[in-house]
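Me: I'd like a close look at a single part of this protein. Please walk me through it in one go, and bring in the surroundings where they help.

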Amino acid sequence: MIDRGVRRRGVAALLLAAAAWVQPAAAQVPDGRSAPVLRPSLPAETPAGALDNAAVPTLTTLDAAIARAYWTNPTLIAERATLKSVDPLFAQARASYGPQLSLQASHLFARDRREVLPGLFSRPEGFSSTAQLIFSQPLLPFGRLAAAEQGALAQIALSREELRLSEASTMFGVVSAYVSVVRDRAILDFARQNLALLERQYSESRERFAVRDITSSDLQQVETRLAFGRAQLLNAQGALGSSQSLFLQFTGGLPGELAVPAPISLGVPTLDAAYAVAETASPIVRGAQAREKVSRAAVAAARAQRNPEVSLQASGLYGPSNLYQNQLRSTELRSSVVVNLPIIDSGIRRTAIERARQANEADWRLVDAALRETRQSVAEAWDGYRSALESLEHYRAAAAAAQAAYDGAVIQERAGDRTTLDVLDLARDLLNVRTSFATAEANEYLSRARLLGAMGNLEAPKLVPGIAAYDPTANFQRVRRKGDVPLLTPLVSGIDQAIGGALRDDRPSGEDRPIRDPSAGLRNESAVIPIPPSPAPTTRIPPPPGTSPERRR
């Protein structure tokens with residue numbers, strides 16, 4: 001059982017989260033009082049018209065729910081901000097190609113004691129001020145800075161795939177919450193209908209019991225089913241409340257009179273086609289490839305530490321001629337071309353290269369693992385979709401047959417050809433079948449969304465045509481040149497990229513490594529074989545009241 005205090009804190013957190021979206025507005029209710037209108041705080045990059053229903057507190061279509069969540073879901077907005085925080089890594093790497101200039105100033109008090117002759121001491125002291133400019137400019141980094149630049153690009157690519165994963169998770173949550181509300185409302189309606197017919201059955205049974213047409217056991221059977229039907233109604237109400245809370249969590253709006261969602265187009269006719277799409281579009285596979293590029297750039301950076309480094313350094317010093325006064329000043333200017341060539345490091349660089357290489361080997365193998373995981377998810381989602389789709393017709397036929405059986409049994413019971421227990425059993429079967437049918441319809445819809453997510457296509461712009469799409473590259477294009485020095489940065493970067501490429505002894509950092517998994521070419525086949533539909537049920541005409549089976553024979 002959940003502790004009541006924990007439950008209260010959870011409800012309070014949900015209410016606070018909902019309140020965070022509400023801003024006071026001048027909406028008027030019929031009695032003249034002002035009422036708050038739901039106005040989500042949209043991010044600065046939200047395009048005009050991206051959310052036309054921003055002030056509408058209820059949602060009625062799946063497209064509106066997806067559009068609202070796409071631009072207002074806090075988790076998704078936070079992931080976009082996280083990606084923006086990674087974009088400046090490229091500008092930082094580019095900034096290393098440019099000059100570095102620093103100013104160092106000091107105000108010094110010096111007091112010394114020196115023995116100039118035995119027993120005779122000199123005690124100079126005084127204040128002095130010094131200013132120094134230090135300038136450095138890399139000329140030939142020999143691949144060091146190029147590796148950092150490629151690593152930044154790979155890290156940004158990885159963050160973009162993580163954003164796609166977050167978006168797919170959010171969109172699946174929206175679809176799941178929407179379909180769950182539709183399903184649970186239907187189940188609640190079925191439970192109410194079931195309770196209504198049980199109450200009607202109970203009322204009729206009491207009248208028949210009063211005239212001794214049925215026994216007390218018959219009446220108690222109806223009472224049992226009636227109490228159970230009331231419990232089922234309460235459970236259905238609780239399930240609907242949970243679905244509605246999830247709807248609010250993912251969309252930031254309340255479910256209105258929800259329309260039946262339009263079917264989701266998969267865009268692939270076969271499992272093989274789904275595999276092909278997933279291998280190129282899945283954020284799991286592409287994220288693993290980006291992570292491998294990050295560690296591959298780390299290998300290149302470690303190997304570059306074995307190379308020489310050429311830089312231009314200069315300094316200017318303005319200070320006193322000695323440390324004990326500020327009256328006599330001196331100026332010093334120094335400039336030099338510095339070549340740093342590592343010779344002996346007792347294996348430090350070699351072990352660093354080996355460590356980076358093995359880490360990259362692990363990431364390379366994880367690309368194969370990501371491909372296997374993606375194929376398994378696609379196959380599982382495909383079979384779930386096919387089984388759910390094929391079973392719908394059978395559920396539909398079962399629901400129609402159960403309804404006909406119950407209607408006929410009611411008439412036969414009044415004629416004395418059916419017992420009360422028979423009617424109650426058929427009422428229970430009707431509720432179970434209708435509930436299962438509603439659940440199967442929801443599962444079939446969710447299986448489509450799950451398959452799209454496994455393929456990497458569960459994205460709002462692909463689900464809702466015409467929706468304003470978020471551009472993850474816009475912020476990158478805005479900040480990518482922030483660290484560049486005109487003419488100088490492109491020149492040094494081009495030289496370092498060329499030298500780094502000539503010295504590199506593995507695949508270039510921008511290319512994907514080949515798949516080494518021997519099972520990469522294997523394909524699962526769907527295990528779902530359609531079962532022919534059942535023959536159409538023959539409609540039996542119920543006997544007229546008062547006709548017994550013996551009399552008919």
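Is Gln237 buried, partly exposed or exposed, and what is its relative accessible area? Please use that residue as the way into the helix that holds it.

Reply: Before anything else, keep in mind that this is a predicted model. Gln237 is partly exposed, because its relative accessible area is 35%. The residue is found in helix α6, so let's take that helix as our part.

Start with the helix as a whole. α6 runs over residues 216-251, which makes 36 residues. From the first C-alpha to the last, α6 reaches 52 Å, close to the 52 Å expected at 1.5 Å a residue. Just after the helix comes Gly252, which has a positive phi, near 75 degrees.

Now for what Gln237 sees. Leaving aside neighbours within four places in sequence, Gln237 is in contact with Leu188 and Arg192. Between those two in the numbering sits Ala191, which is 46 residues from Gln237 in sequence and 9.3 Å away in space, C-alpha to C-alpha.

Next, the side of the story that Gln237 doesn't tell. The buried residues of α6 are Leu219, Val222, Arg225, Leu226, Gly229, Leu233, Ala236, Leu240, Ser243, Phe247 and Thr251. If you go down that list, a bit of helix geometry is handy. An α-helix has 3.6 residues a turn, so residues three or four places apart point the same way. As for what covers these buried residues, the cover includes β3 (58-59), α2 (62-72), α5 (144-210), β8 (254-255) and α10 (420-455).

Two of the buried α6 residues, Arg225 and Gly229, turn up again when you look for empty space. Rolling a probe the size of a water molecule over the atoms shows where empty space is left. A search of the whole structure finds three cavities of 30 Å³ or more. The largest cavity holds about 80 Å³ of space. Its lining is made of Asn194, Leu198, Arg225, Phe228, Gly229, Gln232, Leu424, Ala427, Arg428 and Leu431. The elements that give two or more residues to that lining are α5, α6 and α10. By class, the lining comes out at five nonpolar, three polar and two charged residues.

For contrast, take the second largest cavity, which has about 50 Å³ of space. Gln289, Glu292, Lys293, Arg296, Trp364, Val367, Asp512, Arg513 and Pro514 line this one. Two or more residues come from each of α8 (283-304) and α9 (348-415). With four residues, α8 gives the most to that lining. Sorted by class, this second lining has three nonpolar, one polar and five charged residues.

Back to the packing that α6 takes part in. In soluble globular proteins, nonpolar side chains tend to be buried together. Here the largest nonpolar core has 77 residues, and Ile66, Met171 and Val378 touch the most other members. α6 is among the elements that give two or more residues to this core, along with α2, α3 (74-86), α5, α7 (271-281), α9, α10 and α11 (460-463). α10 gives the most, with 18 residues. Met171 makes a good example: leaving aside neighbours within four places in sequence, it is in contact with Ile66, Ala69, Tyr70, Leu76, Leu458, Ala460 and Leu463. Apart from this core lies another one, of six residues, among them Val86, Phe90, Ala93 and Ala152.

α10 is worth a stop of its own. Glu444 lies in that helix, and this residue counts as buried because its relative accessible area is 8%, with the cut-off for buried set at under 20%. Not counting residues up to four places away in sequence, Glu444 touches Tyr385, Ala388, Leu389 and Leu392.

Finally, step back to the whole chain. The secondary structure comes to 14 helices and 10 strands. Of the 553 residues, 38% count as buried. Among contacts between residues at least 6 apart in sequence, 80% join residues at least 24 apart. Ala520 gives you a case of distant partners: it is found in the loop between α13 (488-503) and α14 (549-552). Ala520 and Arg372 are 148 residues apart along the chain, yet their C-alpha atoms are separated by 7.6 Å. Ala520 also touches Glu279, Leu371, Arg375 and Ile515, not counting residues up to four places away in sequence.

Technical notes
Residues are numbered from 1 along each chain as its sequence is written. This is a predicted model: local features need pLDDT of at least 70, side-chain atom pairs count only at pLDDT 80 or more; totals for chains, interfaces and linings use all residues. Side-chain values use heavy atoms; hydrogens and water are left out. The expected span of a helix is 1.5 Å times one less than its number of residues. Buried means under 20% relative accessible area, exposed over 50%, partly exposed in between (1.4 Å probe, protein chains only). Contact means heavy atoms within 4.5 Å. On a 1 Å grid over the protein atoms alone, a cavity is a set of points where a 1.4 Å probe fits but cannot get out, and a pocket is an open set with protein on both sides within 12 Å along at least five of seven lines; lining residues have an atom within 4 Å of a point. Grid points are joined across faces, edges and corners, and a volume is the space filled by probe spheres set on the points. Ala, Val, Leu, Ile, Met, Phe, Trp, Tyr, Cys and Pro count as nonpolar, Asp, Glu, Lys and Arg as charged, and the others, Gly among them, as polar. A nonpolar core is a set of buried Ala, Val, Leu, Ile, Met, Phe, Trp, Tyr and Cys residues joined through side-chain atoms within 4.5 Å.
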